[in-house]
Amino acid sequence: MSGGIVSVGAARALISKFSGTLCVVALAIGSTTQAETLLPPQDVQVYDTPSDGGGSVTVRWAPAEYDGPEVHYEVWLEDAAQTDTTDAGPGDRTLVATFPSDTHYARDLHLPWWTRSSSPGDHHYEIKASAETALVDGRFYAVAVAAVRGSERAEITLGPVVSQPNWINWKQLNNFALMVLFALGLFGCINAARRAQGQNREIFLRRIPGLDAVDEAIGRATELGKPILYLTGAQDMGAPSTLAAAVILGRVSKRVALYETELIVPHRNPIVMAVCQEITKQAYLEAGKPDAYKEDSNFFITDDQFSYTAAVDGIMLRQKPAANFFMGYYYAESLLLTETGASTGAIQIAGTDADHQLPFFVTTCDYTLIGEELYAASAYLSREPVQVGTLRAQDLGKAVILAVLVVGAGLATMGLWLDAQWPAYLLDLFRDVK
C-alpha cells in the first residue's frame, strides 16, 4: 500500500476476512433468535381443584427457559360449548389473570406433602368463582394459557374441565388424625378416672387456690352467722360461663346446706333464676336437708345493668354477707360490685372468662378463677369421673401442644440452618391448611 492505493491481493484478503466475520455474526444472531423463540406453555394440566367446596379449577404447567420479567402469562376462561380445543385462536372468553412468568409457583402454596401432585417448580394458578369469571359448578369450561413477550404470543387451550365440590378435604387429614388421637386420650382418661374411683383413689388435678378457698369462705360465714352472696353473671343460660356458674352454685349450695348457712342468689335473668332454683333445691336434697331449702333464696331483681348493680350493692351494705361469689360473665358492673363487697370485709371469690374484667377481679377479690379455671371448677369440686377424666385429657392435650410448639420451632430453625427439607415433612403433620 502506497499513497492511499490498495493492491489487488490486499483488497481480496480484506474482503475475504470481512465476509467471514459477517457469516459468524449472522450465525450467532440466528442461533440466539432460535434459542429465544417463544413457545406455548408445556405440560399444561387443567383439572378440578381438589379438596375444596367447589367453585374453582386449577391450571398447572411446566416452567420454561424464557421465564423472566420480560415475559408474562395470561390465563383465559371460556365456556367449553363455544370452544374448539384444537384451535388456540381467541374467542368469546374472559381474561382471569395476567402475571410475570417468574411468579405463581406450586411451592408458594405450602401444601402438605401428602397432597402434592406435581413438581414444586411448576406454575400454578387457581381460577375461582367470582363476578368476573362467572365460574359455575357442574358447567364445562376451557382454559387457555398464553405466553406473551411484546408483540409475540404463544398459546395453548385445554378442556373441557368442570368444577364441583369434593367430599373430603385431604389437606386437613392431619387434623382428623389429631382429633382421633385426642378422642382416644379422652376416653382413656375417663376410664382411668372411673377405675381410680372404684379403687378409692383420686386422679391428680392441678391445684386451684380459688376453689380451695370455697370451704374457708363458707366456714367463715357459718361462724359469723352471716349469709353467703352468690352471683351468676350478666348473660343468659346460652353462655358457657353462666352454665359453669350454675354448676358451681350446685356444689356451693350442697355445702351451704350441710352448714345450714343462709344463701342469697339475686338474678337479672328469669330463665337463669328458674334453672338455679332447681339446682339449689337438688343440692339441698342431696345433702339430706330438704327442709332447710328456701324458695326465695333465688330471686329476680331486674335485667337492667346498673339497676341490678345498685340493688346488689344495697344487699351487701344492709346484710353484710361474709362471703361473696362472682361467677360468670360481667361487664362494667364488676368493679362496682367488688369494691362494695370489699368495703364490707367479705371474702370474695371471682371467676370469669371476660378478659377485660379480670384486672378488676384480681385487684379487688381474694381469689380469682381465670378463664378456663371457671370451667374446671365443677370437676375440681365434684370429682365426678367423666368431668375429672375430661379435665385430665385437656391438660395432657395442652402439654402436647406446648411440646409441639417447642420442638417445631427447633425443627424449623434447623431446617433453615441446614437447608434441609425433612423438618418440613414433620411440621406438615401439625400445620392447619385451609
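P120 is partly exposed, with a relative accessible area of 47%. In this predicted model, P120 sits in the loop that runs between β4 and β5. Its C-alpha atom is 4.8 Å from that of A106, although P120 and A106 are 14 residues apart in sequence. When neighbours within four places in sequence are left aside, the residues in contact with P120 are Y105, A106 and R107.

The loop between β4 (94–100) and β5 (123–128) also holds H104. H104 is not a glycine, yet its phi is positive, at about 60°. The relative accessible area of H104 is 32%, and H104 is therefore partly exposed, since this class lies between the limits of 20% for buried and 50% for exposed. A second residue with a positive phi is E260, where the angle is about 55° and the residue is again not a glycine. E260 is placed in the loop between α4 (240–259) and β9 (263–267). Its relative accessibility is 56%, so E260 counts as exposed, the limit for that class being over 50%.

A further feature of the backbone is found at G159 and P160, which are joined by a cis peptide bond with an omega of about 0°. P160 belongs to strand β7, which covers residues 152–162.

The chain as a whole contains 11 helices and 13 strands. It has 434 residues, of which 41% count as buried. The exposed area of the chain is about 23,700 Å², and 60% of that area is supplied by carbon and sulfur atoms. Among contacts in the chain with a separation of 6 or more, 69% are between residues 24 or more positions apart.

Two helix pairs are described here. In one of them, helix α2 (residues 173–198) packs against helix α10 (residues 385–418) at an angle of about 135°, and the two axes are 8 Å apart. Angles over 145 degrees count as roughly antiparallel and those from 65 to 115 as roughly perpendicular; α2 and α10 are therefore oblique to each other. Their crossing is right-handed. On the α2 side, the contact involves F182, G185, L186, C189, I190, A193, R194 and Q197. These residues meet P385, V386, V388, G389, T390, R392, A393 and L396 of α10. Sorted by class, the residues in the contact of α2 with α10 are 10 nonpolar, 4 polar and 2 charged.

The other pair consists of helix α3 (residues 209–224) and α4, whose axes come within 10 Å and cross at roughly 35°. The crossing of α3 and α4 is right-handed. From α3, the contact is made by V214, D215, I218 and T222, and from α4 by V252, R255, V256 and Y259. The contact of α3 with α4 comprises 5 nonpolar residues, 1 polar residue and 2 charged residues. Helix α4 is also the element that precedes the loop containing E260, as that loop lies between α4 and β9.

Technical notes:
Residues numbered from 1 in each chain as written. Predicted model: local features only at pLDDT ≥ 70, side-chain atom pairs only at ≥ 80, totals over all residues. Heavy atoms only, no water. Axes fitted to C-alpha atoms, helices over the stretch in contact; angles between N-to-C directions. Helix = DSSP H or I, 4+ residues; strand = E, 2+ residues; numbered from the N terminus. Parallel < 35°, antiparallel > 145°, perpendicular 65-115°, else oblique. Left-handed = near helix turned anticlockwise from the far one by under 90°. Contact = heavy atoms within 4.5 Å. Nonpolar A, V, L, I, M, F, W, Y, C, P; charged D, E, K, R; others polar. Buried < 20%, exposed > 50% of the residue type's maximum accessible area, 1.4 Å probe, protein only. Areas by Shrake-Rupley, 256 points an atom, 1.4 Å probe, with all protein chains shown as cover.
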